[in-house]
Amino acid sequence: MKNAIALLTIALMAGCASEEPPASSTAIHYQGMNVIVGDGTTVIENAGMIVDGGKIVALGPSADVEAPAGASHVDWTGRTIMPLLHSLHVHVGYLVGDGMAAENYSRESILADLDRHAHYGVGAVLVLGSDVGDIAFAIREDQRQGHVGGAKLYTVGRGLTSVGGWPTIIAAIAAAPQQVETEEQAREAVRALAGQKADAVKVWVDDAGGRVPKIAPELYEAAIDEANQHGLKVYAHVYYLDDAKRLVEAGVSFLAHSIRDQEIDDELIAMMRERGVGYIPTLVAHEASIAYADQSDWIGEPAMRETVDAGLIETLTSEAFVENARANPGLAATREQYAIALVNVKKLHDGGVTIGLGTDSGTTNRFPGYFEQREIELLVDAGLTPNQAIAAATRNSAEALGLDGTLHVGAPAGFVLLRSDPLSDVRNTRDIEAVYFDGEKIDRAGGGASD
Ligand SMILES: [Zn+2]
């Protein structure tokens, strides 16, 4: 008997049926769909895929994939699957209804945001600096024990900034940053995060156009050095090219916004490529205020309405709201900065720098999960191909979290089932029929909006 099981196991591992099949099998054989692997190039047309035990155990052209005896069969002809998205710059728990507020932050509101992410096919998110207290860490642990669902939460805990620095003037998250004044304080803050088992470290390097003091280079250099000694990656909020260079020099792992004061130069591209520093452009965060002023055509589209209440969409399209958005004195400057952001991400991508997905979603009028989807479209606007933009959102961003973000034999069976092909129109990444985590179809009702 033992030998029979061993032989059967070998037969299954080899991807072919046993001669003496079991009466039934837990394997599921999906066939007929196109598979976007997530590596930026490979598409398997008319594929066959076998999922068993939460993993992909066979994947290839349909004709080459033989189902084990007893497997169930699912015909997905005409559909496309792609890997789960992973977002490296989000905030969770603060945006409830139409308002972002400190008092909204709770276990319940965080879980609701994680459900919204999962609804749009986001498998994991990295919360960049706004998680106060222990709630996020407790949720992370509960997810690992299998007690709660939603996108898998990764957190940097509280980010670092200067005394009175960004984003302490944003009321809702004013209490989140750790305001450091000395190199020793910066190191101590990082040691405490390491003790909390934070997944990385966040540092805000910005003066918000001269409105707040920017953290001194010596302080973030100390923080980055300490973080790297503890094996922690550092994600930096950045705006200026000069700061970006100094951060890269200091050993940062990711720039977590677009450089927008000027077009980047070859020096930065070379530095980032050589040191393996990634770039998370968060185009959708920079574009949001322009989009509301211009009433871009996505506002109120069906995919958005799946998780955003009808009443809020009515507000966002109301005359008063639009007039107010158009009267924003910073709007013209934002347009210029956004145009620079589009140029910079394309230059960095073409220069061989790894591009990641991030959005700043979970802040005012930046909607969790939906904005992750929209970011993919904006990467294509910037000049990436749909397949490259999908690779940024899947493989590249998963790798940053130490996860496997492509579809291949041995990988977790996490994927998004699409009704239409995103390679012909990238907006089809949000034409979602179902989302699978570890081989299981998730309940997408959790992200539901009220009419
Ligand atoms: Zn942010």
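**How do we know that?**

Trainee: Val132 sits in the loop between strand S11 (122–127) and helix H3 (135–144). What makes something a helix or a strand here?

Mentor: Helices and strands are DSSP runs: H or I over at least four residues for a helix, E over at least two for a strand, numbered from the N terminus. Keep in mind that this is a predicted model, where local features need pLDDT of at least 70 and side-chain atom pairs count only at pLDDT 80 or more, while totals for chains, interfaces and linings use all residues. Residues are numbered from 1 along each chain as its sequence is written, and side-chain values use heavy atoms, with hydrogens and water left out.

Trainee: Why does Val132 count as partly exposed?

Mentor: Buried means under 20% relative accessible area and exposed means over 50%, with partly exposed in between (1.4 Å probe, protein chains only). Val132 comes out at 25% relative accessibility, so partly exposed it is.

Trainee: And which residues does Val132 touch, leaving aside its neighbours within four places in sequence?

Mentor: Contact means heavy atoms within 4.5 Å. With neighbours within four places in sequence left aside, Val132 is in contact with Tyr94, Tyr105, Arg158, Ala175 and Ala176. Separately, the C-alpha atoms of Val132 and Ala102 are separated by 9.9 Å, with the two positions 30 residues apart along the chain.

Trainee: Then there's Ser253, in the loop between H6 and S17. Why does Ser253 count as buried?

Mentor: Put its 16% relative accessibility against the cut-off and the label follows, so Ser253 is buried. Outside its neighbours within four places in sequence, Ser253 contacts Lys233, Val234, Gly276, Val277 and Gly278.

Trainee: What covers the buried residues of H6?

Mentor: The cover includes helix H5 (217–229), strand S16 (234–237), strand S17 (254–255) and helix H7 (266–275). Underneath are the buried residues of helix H6 (residues 241–250), which are Leu241, Asp243, Ala244, Lys245, Leu247 and Val248. Gly251 follows H6, with a positive phi near 105°.

Trainee: What makes a residue a donor of the zinc ion?

Mentor: Donors are N, O and S atoms within 2.8 Å of the metal (3.2 Å for Na, K and Ca); water is not among the atoms, so sites may look incomplete. His89 (NE2), His91 (NE2) and Asp360 (OD) are the protein donors, lying 2.1 Å from the zinc ion. Along the chain their spacing reads H-x1-H-x268-D.

Trainee: Which parts of the chain do His91 and Asp360 link?

Mentor: Distant ones: His91 belongs to the loop between strand S8 (85–90) and strand S9 (95–96), and Asp360 to the loop between helix H12 (331–350) and helix H13 (370–382), 269 residues apart. Both His91 and Asp360 are buried.

Trainee: How do you know that S1 and S6 pair?

Mentor: Two strands pair if DSSP finds at least two bridges between them. Strand S1 (residues 28–31) and S6 run parallel and are joined by four bridges, so by that rule they pair. Within S6, His73 is the bridge partner of His29, and Asp75 is that of Gln31. S1 also pairs with strand S4 (residues 47–52), in the antiparallel sense over four bridges; there, His29 stands opposite Ile50.

Trainee: What makes S5 and S6 edge strands?

Mentor: The open sheet of four strands has the order S5-S4-S1-S6, with mixed pairing. Strand S5 (55–61) and strand S6 (72–75) each have a single partner strand, so one side of each is left without a neighbour in the sheet. Neighbouring strands in this sheet are turned by 20° against each other on average, direction ignored.

Trainee: Which strands stand at the edges of the six-stranded open sheet?

Mentor: Its order is S3-S2-S7-S19-S20-S21, again with mixed pairing. Strand S3 (43–44) and strand S21 (440–441) each have a single partner strand, so each has one side without a neighbour in the sheet. Further in, strand S2 (residues 34–36) and strand S7 (residues 80–83) run parallel, joined by two bridges, and Val35 has Ile81 in S7 as its bridge partner.

Trainee: How confident is the predictor overall?

Mentor: pLDDT is the predictor's confidence in each residue, from 0 to 100. The protein averages 94, and 94% of the residues score at least 70. Over residues 1–18, though, the pLDDT is below 50, and this stretch has ten contacts in the model beyond near neighbours in sequence. Where pLDDT is low, the predicted coordinates should not be read in detail.

Notes. Axes fitted to C-alpha atoms, helices over the stretch in contact; angles between N-to-C directions.
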